[in-house]
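Please look over the sequence and the structure shown below before reading on. The paragraphs after them go from strands to cores to side-chain pairs.

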Amino acid sequence: MRGDDKSEIGHYVVTAHPSGSVLSAVQCSFLSANSRDVVIAKSTRIEIRQYQPPSSDDDVGGNTDANNNNSSAEDERFPLLLTLPINGRIASLSPIRFTNSSKDCLFFTTERGGYALISYDEQLAKIQQSSAAFLSHHSSPGKKKQDDDVTTTATSDSIIGEHYPIRTHASGLLTNYSTSVIAGGRRAECGPLAAVDPLHRCIALHLYDGFVTVIPIHRGYDVDTPRPSGNGGGGKQPPKGMAASLTTKPFGDAFHTRIEQRTV
């Protein structure tokens, strides 16, 4: 090795751009009841975009500078409203709507067997927007970041902080979800595959070779209720005489069904 090449040893080169490969995309009403949202799974993050219909002013002026304005027009009609980082590479993404809710929840799994059920919290989003507007109105443009931190601390009672307006209803590992564990089960090589029933009655998962795992969905679950203690997924059934508590968790206890084919 030449002497001038030794200076290259130890350099660590990474890309500064986030991952752009689309793994999955679904259309639902995630942000509000009447919104037309497209949820896109890109490796370790979720993007939520909302379709904005073109206005009559967009057609004025004909096709002047059409090639230069195509990208800007697409961003205006299909803007990015929210980006969520995920702790793991996303394997599947599906919307779920409960009976008592006018919006959709998102159920996703990761390649290492993680899962989560999330929903958009409009109240928290409004509080964050009002807090951001309060800060921008009372802060001077010439001040440094240290001054902004002091202002944030002084008004901490009316500021939520830099949190995502997301409510997590269930999360954990699929391998630890069910009370009935397959002894000696071999995990599927293709990773966890998930499919939601069109009537939102259950979730079918392919976790082990030769088995299909089914998770019942409690359609009477109230999305607006606070999350209970624990993972909130379901798992063990409640004690006798507490049948009403079934609706306090979104999912029931999972069960396994054997299939003839080892791979799906």
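What follows is a walk through the sheets, the nonpolar cores, the salt bridges and the aromatic pairs.

This is a predicted model, in which local features need pLDDT of at least 70 and side-chain atom pairs count only at pLDDT 80 or more, while totals for chains, interfaces and linings use all residues. Residues are numbered from 1 along each chain as its sequence is written, and side-chain values use heavy atoms, with hydrogens and water left out.

Begin with the sheets. Helices (H or I, at least four residues) and strands (E, at least two) are DSSP runs, numbered from the N terminus, and two strands pair if DSSP finds at least two bridges between them. Strands of a sheet pair through backbone hydrogen bonds, in either the parallel or the antiparallel sense.

One open sheet consists of four strands in the order β1-β2-β3-β4, with antiparallel pairing. At its edges are β1 (24-28) and β4 (80-85), each of which pairs on one side only. On average, neighbouring strands of this sheet are turned by 20° against each other, direction ignored; axes here are lines fitted to C-alpha atoms, for helices over the stretch in contact, and angles run from 0 to 180 degrees between N-to-C directions. Five bridges connect β1 with β2 (residues 37-42) in the antiparallel sense. Q27 has V38 in β2 as its bridge partner.

Another open sheet of four strands has the order β9-β10-β11-β12, and its pairing is antiparallel. β9 (193-196) and β12 (255-258) each have a single partner strand, so one side of each is left without a neighbour in the sheet. From one strand to the next, the twist averages 25°. β9 runs antiparallel to β10 (residues 202-206), and four bridges join them. Opposite A194 stands L205 in β10.

Now turn to the cores. A nonpolar core is a set of buried Ala, Val, Leu, Ile, Met, Phe, Trp, Tyr and Cys residues joined through side-chain atoms within 4.5 Å. Buried means under 20% relative accessible area, exposed over 50%, and partly exposed in between (1.4 Å probe, protein chains only). The largest nonpolar core has 20 residues, and I96, F98, L117, I203 and F251 are those with the most contacts inside it. At least two residues of this core come from each of β6 (105-110), β7 (114-120), β10 and β11 (211-216). Leaving aside residues up to four places away in sequence, I96 touches D104, C105, F107, L117, V196, H200, I203, I217 and F251, where contact means heavy atoms within 4.5 Å. Apart from the largest core lies another, of 19 residues, including I46, A116, I118 and A125.

Charged side chains come next. Side chains of opposite charge can pair when their charged atoms come close. With a salt bridge taken as a side-chain nitrogen of Lys or Arg within 4 Å of a carboxyl oxygen of Asp or Glu, the structure holds eight. Which residues are linked with R45 in a network of salt bridges? They are K42, E47 and R49. Within this network, E47 and R45 meet at 2.4 Å, N to O, and R49 and E47 meet at 3.7 Å, N to O. E47 counts as buried because its relative accessibility is 3%, and R45 is buried at a relative accessible area of 13%. R49 is buried too, as is E47.

R167 forms a salt bridge with D121, with the closest N and O atoms 3.6 Å apart. This pair links distant parts of the chain, 46 residues apart: R167 is in strand β8 (residues 166-173), and D121 is in the loop between β7 and α2 (122-138). R167 is partly exposed, with a relative accessible area of 25%, whereas D121 is buried at 16%.

Last are the aromatic rings. Rings of Phe, Tyr and Trp (its six-membered ring) pair if their centres lie within 6.5 Å; planes under 30 degrees apart count as stacked, over 60 as edge-to-face and the rest as tilted. Four aromatic pairs are found in the whole structure. F30 and Y120 form a tilted pair, 6.2 Å centre to centre with 55° between the planes. F30 lies in the loop between β1 and β2 and Y120 in strand β7, 90 residues apart, so the pair links distant parts of the chain. Both F30 and Y120 are buried. The pair of F107 and Y115 is tilted because the planes stand at 35°, with the ring centres 6.3 Å apart. F107 and Y115 are each buried, and ring pairs link these two residues and F251 into a cluster.
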